[in-house]
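Q: Could you take a close look at one part of this model for me, the hairpin and what sits around it? I'd like one connected walk-through rather than a list.

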Amino acid sequence: MTDQPDRVQPPQEPALPEGDPRTDLVQRVRGALLVLPGFFEFGTRIEGIDATDLFSLNAVLGTSIEVQVVSTLNRMRGIWDPDERWVGYRFERQSQVFPDVLLVQRGLGEPDIIMGIELKGWYLLSKEGVPSLRFQTTSAACSVYDLIAVVPWHLSSVTSGSPVAREPWVESARYAAQYRNYWWEHVRDAQGPRGIRSPDGARPYPTKDMHTADMPDYDGGDNFGRLARVSGLMADFVTAAKAQDALGIPINHWIAFLKRHSDKSDPEAVAAMGPRGVQKATRTGCPDTAKRGLVHLDEHRRPPPPRGN
């Protein structure tokens, strides 16, 4: 059986112009993002968070993580600009407009923008188990040089410590926008209208008053733009990220363990499960691993020190 001749084919990643210095720059920035965890530093240590509150940690630290990622990229100039071709340019974060980060040179005239990065953090121990970002930007607002990056992170001791970054997901922003629309209109299993309306006059590096979001004709589940639910885009990355170890325990087992604790809303009840119960809850198959989980949970069972008057 052959494909139907009118079957819509998936989009392809945009080809960057050969010989353009921005092409080499974008490739180096991609590489810098992939090795960013080795350079990432977050000076603040987080202590005293109840285990039941760990799932919501991204709401507290998400913006700070993204700010620190930008600072780290600027410290990594030797990786993305080894020939000092882009002296005077630096990554800057902006709010409420696409993209989140610009590589820009500012002087007396108009700022000179070279590329952008739509940057999102992903707290790996979030209850959803997937990145919660919503990317609705139309492809016309994405330059071929723009990237989208999702940086996973967790606390160094899982339940406490300083945030540490893990290897991010990096993709062409224009391709991600095009593939999102392709999946919405032609792939997903859903009833109802599948059309998408794109804004007029969209262009790269818009101002805050410009409309840049694609809008679906119908979105009863409020799912449009949730890239983690778009099959074929970042599913492999999500699976691999949660399979990584933290303190010798896979991230997805930590999530299962903390869900069990959160659902009971009683640290004593979870601790009473003992290593065998935790071993079963996390499906680790390893008593030593389960014991390590209990040791870190026990930190949250201790009463806080008395406060002074």
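A: S2 and S3 make a hairpin, with six residues between the two strands. Keep in mind that this is a predicted model. S2 covers residues 101-105, and its pairing with S3 is antiparallel, over five bridges. One of the partnerships to look for is Gln105 with Asp112, the latter sitting in S3.

Just ahead of S2 there's a detail worth checking in your viewer. The peptide bond from Phe98 to Pro99 is cis, with omega near -10°. Pro99 belongs to the loop between S1 (90-93) and S2.

Now follow S3 itself, residues 112-123. Nine of its twelve residues are buried, so the rest of the structure largely encloses this strand. Buried here means under 20% relative accessible area. As background, side chains in a regular strand alternate between the two faces of the sheet.

S3 has another partner too: S4 (residues 147-155) runs parallel to it, joined by seven bridges. Tyr123 is a handy marker for this pairing, as its bridge partner in S4 is Trp153.

Carry on past S4 and you get into the loop between S4 and S5 (163-165), which is where Val158 is. Its phi is near 70°, a positive value in a residue other than glycine. With a relative accessible area of 2%, Val158 is buried. For a second case of that backbone sign, try Leu247, which has a positive phi of about 60° and isn't a glycine either. Leu247 is in the loop between S9 (245-246) and S10 (249-250). At 35% relative accessibility, though, Leu247 counts as partly exposed.

Helix H4 (residues 173-186) is another covered element to set beside S3. Ten of the 14 residues in H4 are buried, so to speak mostly covered. Among them are Tyr175, Tyr179, Tyr182, Trp183 and Trp184, along with Arg180 and Asn181. From first C-alpha to last, H4 reaches 20 Å, close to the 20 Å expected at 1.5 Å a residue.

H5 (residues 235-243) gives you a helix with two sides to look at. Its buried residues are Phe237, Val238 and Ala241. Seen down the axis of H5, these fall within an arc of 100°, so they line one face of the helix. Asp236 and Thr239 are exposed on the other side of H5.

Conventions: Residues are numbered from 1 along each chain as its sequence is written. This is a predicted model: local features need pLDDT of at least 70, side-chain atom pairs count only at pLDDT 80 or more; totals for chains, interfaces and linings use all residues. Side-chain values use heavy atoms; hydrogens and water are left out. Buried means under 20% relative accessible area, exposed over 50%, partly exposed in between (1.4 Å probe, protein chains only). Helices (H or I, at least four residues) and strands (E, at least two) are DSSP runs, numbered from the N terminus. Two strands pair if DSSP finds at least two bridges between them. The arc is that of the directions from the helix axis to the C-beta atoms. The expected span of a helix is 1.5 Å times one less than its number of residues.
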